[in-house]
Amino acid sequence: PRSTLFPYTTLFRSPDAHWHIADVLMQLGRPEEAVVHWRQYLEYDRRGPWADQARQRLGESGEPADPVT
């Protein structure tokens with residue numbers, strides 16, 4: 001799915017931007033769109049506490065969490 005709230009986020013190169021967008025989308029009750037940004041975040045940061053939390057949020061959304069590589 002593509003984020004309709006933030007349609008141009010593929011231009012974002014900041015992992016923090018994806019993190020915060022996903023968080024806002026979750027608060028708005030739009031988990032399908034948030035998943036896109038959690039995954040984008042994990043492309044930049046695959047390890048560490050924020051990556052662990054992103055995987056947890058993916059799991060809470062019913063999506064399989066990416067394994068740590």
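## Close-up views of a three-helix chain

**View 1. Gly62, at the end of helix 3, has a positive phi.** Gly62 sits just after helix 3 and takes a positive phi of about 85°. Helices here (H or I, at least four residues) and strands (E, at least two) are DSSP runs, numbered from the N terminus. Before we zoom in further, a word on what you are looking at: this is a predicted model, in which local features need pLDDT of at least 70 and side-chain atom pairs count only at pLDDT 80 or more, while totals for chains, interfaces and linings use all residues. Residues are numbered from 1 along each chain as its sequence is written, and side-chain values use heavy atoms, with hydrogens and water left out.

**View 2. The whole chain, for orientation, has three helices and zero strands.** Read from the N terminus, the elements run α-α-α. Of the 69 residues in the protein chain, 28% are buried; buried means under 20% relative accessible area, exposed over 50%, and partly exposed in between (1.4 Å probe, protein chains only). The accessible surface of the chain comes to about 4,300 Å², and carbon and sulfur atoms hold 56% of that. These areas come from the Shrake-Rupley method with a 1.4 Å probe, and for residues only the protein chains shown count as cover. Among contacts (heavy atoms within 4.5 Å) with a separation of 6 or more, 35% are between residues 24 or more positions apart.

**View 3. The largest nonpolar core has 12 residues.** Its members are Trp19, Ile21, Ala22, Leu25, Ala34, Val35, Trp38, Tyr41, Leu42, Ala51, Ala54 and Leu58. Helix 1 (15-27), helix 2 (31-44) and helix 3 (49-60) each supply at least two residues of this core, and the largest share, five residues, comes from helix 2. A nonpolar core is a set of buried Ala, Val, Leu, Ile, Met, Phe, Trp, Tyr and Cys residues joined through side-chain atoms within 4.5 Å. In soluble globular proteins, nonpolar side chains tend to be buried together. One core member to pick out is Leu25, placed in helix 1 and buried, with a relative accessible area of 0%. Leu25 and Val35 are 10 residues apart in sequence, and their C-alpha atoms are 9.1 Å apart in space.

**View 4. Ring pairs link Trp19, Trp38, Tyr41 and Trp50 into a cluster.** The structure holds three aromatic pairs. Rings of Phe, Tyr and Trp (its six-membered ring) pair if their centres lie within 6.5 Å; planes under 30 degrees apart count as stacked, over 60 as edge-to-face and the rest as tilted. One of the pairs joins Trp19 and Trp38: it is edge-to-face, 4.7 Å centre to centre, with 75° between the planes. This pair links distant parts of the chain, with Trp19 in helix 1 and Trp38 in helix 2, 19 residues apart. Trp19 counts as buried at 8% relative accessibility, and Trp38 counts as buried at 0%. The rings of Trp19 and Trp50 have their centres 5.0 Å apart and their planes at 75°, so this pair is edge-to-face too. Trp19 lies in helix 1 and Trp50 in helix 3, so the pair ties together parts that are 31 residues apart in sequence. Trp50 counts as partly exposed, at 48% relative accessibility.

**View 5. Trp38 has contacts with several residues.** Leaving aside neighbours within four places in sequence, Trp38 is in contact with Trp19, Ala22, Asp23, Met26, Ala54, Arg57 and Leu58. Arg57, found in helix 3, is buried with a relative accessible area of 18%. Not counting residues up to four places away in sequence, Arg57 touches Asp23 and Trp38. For Gln53, also a residue of helix 3, the C-alpha atom is 9.4 Å from that of Trp38, and the two are 15 residues apart in sequence. Gln53 counts as partly exposed, at 27% relative accessibility.

**View 6. The buried residues of helix 3 line one face of the helix.** Ala51, Ala54, Arg55, Arg57 and Leu58 are buried in helix 3. Seen down the helix axis, the buried residues fall within an arc of 160°, so they line one face; the arc is that of the directions from the helix axis to the C-beta atoms. They pack against helix 1 and helix 2, while Pro49 and Glu60 are exposed on the other side of helix 3.
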